[in-house]
Amino acid sequence: MLRTRLLTAVFAATSLALLGGCGSDAVEEKPPAPPPEDPVGLLPPEEPAGLAACEGAGKVMAMSELFLGDVDRDGTPNTKDGWKAFGYDLDGRASTKESVGLCKPRAGGSPAVVYPDGTDGRDNSFGKNILPTILTLSMDLSTQANEAITNGEFTIMLDMSSLGTSADCNSLPAKLYGGADLGAAPKWDGTDQWPLIPELLNDPADPASAKILFPKSYVVKNTWVSGTKGTVKLSLSISGFTIALDINSAVITVDLDADRNGGTNGTIAGVLETEALISEISKVAAAFDESFCDPTSPTLQSILNLIRQASDIMKDGTQNPGAECDGISIGLGFNAKAVQLGPVAMPGEPPPDPCAPMP
């Protein structure tokens, strides 16, 4: 009961922040001047014309460190503003609280809270509005995620065939894989053979049948860019329960080491479908209080409404001033190390149901 009351207070306070509060803006005697058109923010490196095709040995890069937005790139804790440095300008607009022509906030959300982007127009409402809420449930979320990677429990891998060592090249087919439990801590020396999650394969018997493909990726000044947008599936563990994040219209970049044995300054930027995220949060909410097994719980509904208020973009990554926002932008960071693709793992066990009756 105490946890429920605390959660109620936390989410009530956060919801007020997203709503923008009351009485904080002075009354204007004259209509404000029309705001200037939003400039374009930070975009992924463009593919220059005339590049030669990438040639040489392929490499598999595995996520060795993950940045969710509560720390800076160097690992310094920054729960207030860390999110601002992760992501890209997805909608081509470095928007502010005065922006117009964006999709309409949902569930009473305030444009003054939802619209402003991070540094250089980075779209990352997840880091700004959702992550702080999740951290009230699991303050060590980032630590848990990186410990799982360090222990070999999961990773995300990019198979870049014919990568070679050219600083600028294109026509580079790449595939994305999910890494299952390695069974030991990775050595990160290029010899780790990481098992593959079968759920991300079209044919579980064929390790080459990745569902997520980047057929037109390229390298610019030693930065790999996914090119074609795809869906990146990421799982976060909270108190033993998993939230699956399907990042749609995702673009991925990473600065490659000269020897192609790793990379830094990685970015995953894309859009979470709001209702899909709500469904995932609903699945794990009861792990924190059994009263959340009741889908009509007022506290649970406050949490879900808070997520809806964080919607800042359409789920396809565009803006539509005639519609309510149905997506939540997200930006994550990562570092990578070279590994090898291992065998296909057994399908994962379904997570326990915290609301199932005791046997």
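**Close-up views of cysteine links and charged pairs**

R106 counts as buried, at 15% relative accessibility (buried means under 20% relative accessible area, exposed over 50%, and partly exposed in between, with a 1.4 Å probe and protein chains only). The model shown is a predicted one, in which local features need pLDDT of at least 70 and side-chain atom pairs count only at pLDDT 80 or more, while totals for chains, interfaces and linings use all residues. Residues are numbered from 1 along each chain as its sequence is written, and side-chain values use heavy atoms, with hydrogens and water left out.

**View A. R106 and E324 form a salt bridge** (a side-chain nitrogen of Lys or Arg within 4 Å of a carboxyl oxygen of Asp or Glu). The closest N and O atoms of this pair are 4.0 Å apart. The two partners come from distant parts of the chain, 218 residues apart, with R106 in the loop between strand 1 and helix 2 and E324 in the loop between helix 6 and strand 10 (helices, H or I with at least four residues, and strands, E with at least two, are DSSP runs numbered from the N terminus). Unlike the buried R106, E324 is partly exposed, at 47% relative accessibility.

**View B. E280 and K283 meet in a salt bridge within helix 5**. Their side chains come to 3.0 Å, N to O, and the two residues lie three residues apart, about one turn of the helix. E280 is buried, with a relative accessible area of 13%. Elsewhere, salt bridges that share partners join R106, E275, R308 and E324 into one network.

**View C. K187 and D192 form a salt bridge between an exposed and a buried residue**. In this pair, the closest N and O atoms are 3.7 Å apart. K187 has a relative accessible area of 56% and is exposed, whereas D192, at 3% relative accessibility, counts as buried. The structure as a whole holds eleven salt bridges.

**View D. C54 and C169 form a disulfide** (a pair of cysteine sulfur atoms within 2.5 Å). Their sulfur atoms are 2.0 Å apart, and the link is right-handed, with 90° about the S-S bond. Distant parts of the chain are linked here, since C54 sits in the loop between helix 1 (2-19) and strand 1 (59-67) and C169 sits in strand 3, 115 residues apart. Both of these cysteines are buried.

**View E. C103 and C325 form a disulfide and are both buried**. The sulfur atoms of C103 and C325 are 2.0 Å apart, and with 100° about the S-S bond their link is right-handed. C103 lies in the loop between strand 1 and helix 2 (111-114), while C325 lies in the loop between helix 6 (298-309) and strand 10 (327-344), so that the pair links parts of the chain 222 residues apart.

**View F. C293 and C355 are joined by a disulfide**. The distance from S to S is 2.1 Å, and the link is left-handed, with -100° about the S-S bond. C293 is found in the loop between helix 5 (274-285) and helix 6, and C355 in the segment after strand 10, 62 residues apart. C293 is partly exposed, with a relative accessible area of 31%, and C355 is also partly exposed, with 36%. A search of the whole structure finds three disulfides, which follow the pattern 1-3, 2-5, 4-6 when bonded cysteines are counted along the chain.
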